[in-house]
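Work through the exercises below with the sequence and the 3D structure at hand. Each task is followed by a solution in steps.

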Amino acid sequence: MKRFIVLSAVLCIALSAAFYAGCNPNADLPDDRNEFYPIGDGGSSQDNGGEEVYEDMKIVITANGARFDAVISGAAAESLYARLPLTLDMRELNGNEKYFYADFTLPVSSFRPGRIDTGDIMLYGNNCIVLFYESFSTSYSYTRIGKVSDASGLAEALGKDNVTVTFSAA
C-alpha cells in the first residue's frame with residue numbers, strides 16, 4: 001500500500017511538471033532569448049490570433065558625427081517613432097549604456113532579457129530610453145524598442161561621457 005502511494009505521488013509530480021512545461025509561455029522560445037522580439041512581417045499592425053504584429057521601422061541614430069541604422073518594432077517603438085526626430089542629451093551609466101529620462105511615457109511590455117547586446121535600444125520603466133554600447137548579463141526588466149543594425153564603432157561614437165544623440169526616421 002505504501003508503495004502504491006509513493007508511486008502515485010511520483011506520477012502526480014511527473015505529470016504536473018510535464019503539464020507546467022507544456023503551458024510555460026517561454027517553452028517555445030529559442031535558447032538565445034536575446035534575439036529581437038517582436039519583429040513584424042513588414043506589414044501594418046494587425047491582430048494575429050490575439051497577438052499584435054508590428055511593422056518594422058527604420059531609424060537613424062547619430063552621435064558625434066557617426067551614423068547608425070537601426071530597426072525598431074513594437075508598441076513602444078511606434079510611439080517613439082511618432083515623436084521623431086528627437087535630440088536627446090543622454091547620460092552615461094556603468095560604462096555600457098547611455099540613457100535619457102523623457103518627459104513623455106511610452107507603452108510598456110517589459111521582460112527580463114537576461115543578456116543585453118551592443119546596440120540594443122530598450123525602455124526602462126515607461127520613460128527611460130536606453131542605448132547600450134556594450135554587451136553584458138542583466139537581471140533588470142526592459143521593454144524592447146529595437147536594435148542597431150551594425151553596432152561597429154558605436155561605443156567609440158558615444159564615448160565615455162554624456163553625449164547628445166539624435167534619433168530620426170530613415
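N94 sits in the loop between β5 and β6 (97–101); strands are DSSP runs of E with at least two residues, helices runs of H or I with at least four, numbered from the N terminus. The model is predicted: local features need pLDDT of at least 70, side-chain atom pairs count only at pLDDT 80 or more, and totals for chains, interfaces and linings use all residues. Residues are numbered from 1 along each chain as its sequence is written, and side-chain values use heavy atoms, leaving out hydrogens and water.

**Exercise 1.** Find the sign of phi at N94, and decide whether N94 counts as buried or exposed.

Step 1: phi of N94 is near 60°, a positive value in a residue other than glycine. Step 2: most residues other than glycine have a negative phi. Step 3: N94 counts as exposed because its relative accessibility is 61% (buried is under 20%, exposed over 50%, partly exposed in between, with a 1.4 Å probe and protein chains only).

**Exercise 2.** Repeat this for N64.

Step 1: N64 lies in the loop between β3 (57–63) and β4 (66–72). Step 2: its phi is near 50°, positive although N64 is not glycine. Step 3: with 60% relative accessibility, N64 counts as exposed.

**Exercise 3.** Which kind of peptide bond joins L84 and P85?

Step 1: locate P85 in the loop between α2 (75–81) and β5 (86–93). Step 2: omega is about 5°, and the bond between L84 and P85 is cis. Step 3: most peptide bonds are trans.
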